[in-house]
Amino acid sequence: MSKVLVIGAGGVGTVVVHKMAGLPDVFSEIMLASRTKSKCDDIAAQIGGNRVKTAQVDADNVPELVELINSFKPDLVVNVALPYQDLTIMDACLETGVSYLDTANYEPKDEAKFEYKWQWAYQEKFKNAGLTAILGCGFDPGVTSVFTAYAAKHHFDEIHYLDIVDCNAGDHGKAFATNFNPEINIREVTQKGKYWENGQWVYTEPHEIHKPLNYPEIGPKESYLIYHEELESLVKNFPTLKRARFWMTFGQEYLTHLRVIQNIGMAGIEPVMYNGVGIVPIQFLKAVLPNPGDLGENYKGWTSIGCRIRGIKDGKEKTYYVYNNCSHEMAYKETGTQAVSYTTGVPCMIGAMMYLQGIWKQPGVLNVEEFNPDPFMEQLNIHGLPWVEKHDVDLEL
Ligand code: NDP
């Protein structure tokens with residue numbers, strides 16, 4: 001029996017509380033708090049049965065967070081607001097003595113740069129307080145990190161080459177839309193590419209390296225090497241890795257729109273003056289783009305995300321591919337959101353369950369691959385994200 005406070009009422013928050021509400025033995029009391037309370041109320045009403053309490057909170061404001069946490073007294077705070085709020089929510093957790101979980105690493109608003117260093121710097125504070133901070137518990141980071149830990153534990157003596165492959169083969173019928181928060185998404189995909197090789201980071205121009213990869217039940221899709229945050233913790237936690245890369249599929253139409261957005265300055269994060277008012281172009285762009293949370297209704301097709309790994313087992317080279325395919329239609333039917341929110345929200349709920357059941361409970365700041373992967377993998381199969389393993393296959397990479 002435990003109480004959980006979820007912060008952020010977007011697409012991911014919707015899935016997280018839907019899933020938690022269905023498990024009253026684990027999540028006996030749920031509160032959903034966000035900047036706009038009406039969004040929390042709408043989600044609570046959809047779920048019904050008075051399962052979800054709601055509240056307004058500005059998660060940039062530590063005293064406000066502290067007041068809310070002290071009044072509800074949760075056992076865990078789940079942060080599915082934006083990466084900008086990670087540190088303020090961690091500060092509030094430390095002040096109130098509550099553990100913390102999130103799905104994306106901290107990013108300063110005025111610099112498009114995400115790194116774990118800011119959150120890893122909280123290590124001693126969480127350890128000394130006897131609290132757990134679980135970092136990166138969505139799909140990628142999250143499930144991809146647990147997939148890697150599971151492979152290293154069960155199928156290899158040493159893992160050497162890791163390629164995380166993320167395909168969204170869905171079609172939402174819009175000319176251009178992002179699958180999660182447009183500001184965070186565009187900042188992520190327009191930055192330089194970066195991967196780990198022989199003990200150092202190698203940099204590429206944005207989308208410079210690409211090739212078609214075959215995805216199960218989907219077929220070939222052009223896949224682009226981009227930098228993704230889990231690479232930073234995985235190369236630290238699996239030092240046998242000689243190379244670690246991340247690939248994501250993009251359609252030509254999406255890339256063309258993205259290029260235009262960048263070329264005309266709409267991806268900018270510095271304020272520009274318009275009619276005497278300072279406006280941040282990418283924030284204005286977010287306001288005119290489709291809301292990712294509303295894409296679900298007409299979204300058709302699949303996502304396929306997995307890890308392709310090469311390494312050594314019993315002195316012989318071995319290859320291994322573990323992945324999940326998720327249907328946008330199925331995700332919408334169950335939670336009213338598309339598969340990108342679903343594949344993030346389900347693992348986030350499972351991570352919270354792991355903590356509340358005492359399975360993933362260790363003082364300090366930990367990335368998900370540092371915990372035992374087995375119970376988490378079991379729950380993925382039960383809660384809508386079944387995974388498939390293939391041994392000794394052509395990895396194409
Ligand atoms: P949305 O933009 O749909 O939702 C974000 C929510 O946070 C909104 O309800 C927003 O409020 C709220 N919020 C923003 N700022 C504040 C604030 N200062 N105080 C309180 N609430 C605030 O995003 P998503 O649901 O798509 O994504 C949520 C998180 O999940 C992001 O951090 C994203 O990076 C992460 N993510 C992780 C993935 C993974 O696999 N690991 C994949 C996809 C996303 P309002 O409604 O008022 O705007």
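How many helices and strands does the secondary structure of the protein chain come to? The count is 14 helices and 18 strands, and the legends below walk you through a few places in this predicted model.

**Figure 1. The whole protein chain, seen as one globule.** Start here to get your bearings. For a chain of 397 residues, a compact globule would have a radius of gyration near 21 Å; the value here is 20 Å, which agrees. Taken along the principal axes, the C-alpha atoms fill a box of roughly 55 × 55 × 40 Å. Buried residues account for 47% of the 397. If you look at contacts between residues at least 6 apart in sequence, 70% of them join residues at least 24 apart.

**Figure 2. Residues 4–134, listed in UniProt as a domain.** The unreviewed entry gives this span the label "domain: Saccharopine dehydrogenase NADP binding". Helix makes up 42% of the span and strand 20%. Between the C-alpha atoms at its two ends, the separation is 14 Å.

**Figure 3. A β-α-β unit built from E2, H2 and E3.** Follow the backbone from strand E2 (residues 29–34) through helix H2 (residues 37–47) to strand E3 (residues 52–56). Together these elements make a right-handed unit. The two strands run parallel, and five bridges join them. To find one pairing by eye, look for Leu-32, whose bridge partner in E3 is Thr-54.

**Figure 4. Residues 138–385, a second span that UniProt annotates as a domain.** In the unreviewed entry, its label reads "domain: Saccharopine dehydrogenase-like C-terminal". Here the span is 34% helix and 30% strand. Its end C-alpha atoms lie 12 Å apart.

**Figure 5. Tyr-215 and its surroundings.** Tyr-215 sits in strand E10, which covers residues 210–215. Is this residue buried or exposed? Tyr-215 counts as buried because 23 other C-beta atoms lie within 10 Å of its own, and the cut-off for a buried residue is 20 or more. Setting aside neighbours within four places in sequence, Tyr-215 is in contact with Cys-167, Ala-169, Lys-221 and Ser-304. For a view across the sequence, add Thr-303: Tyr-215 and Thr-303 are 88 residues apart along the chain, yet their C-alpha atoms are 9.3 Å apart in space.

Terms used:
Residues numbered from 1 in each chain as written. Predicted model: local features only at pLDDT ≥ 70, side-chain atom pairs only at ≥ 80, totals over all residues. UniProt positions renumbered as here; feature names shortened; annotations may be inferred. Helix = DSSP H or I, 4+ residues; strand = E, 2+ residues; numbered from the N terminus. Rg over C-alpha atoms; globule rule 2.2 N^0.38 Å. Buried ≥ 20, exposed ≤ 12 C-beta atoms within 10 Å, placed from the backbone. Contact = placed C-beta atoms within 7 Å. Pairing = 2+ DSSP bridges. Right-handed = clockwise from strand over helix to strand, strands pointing away.
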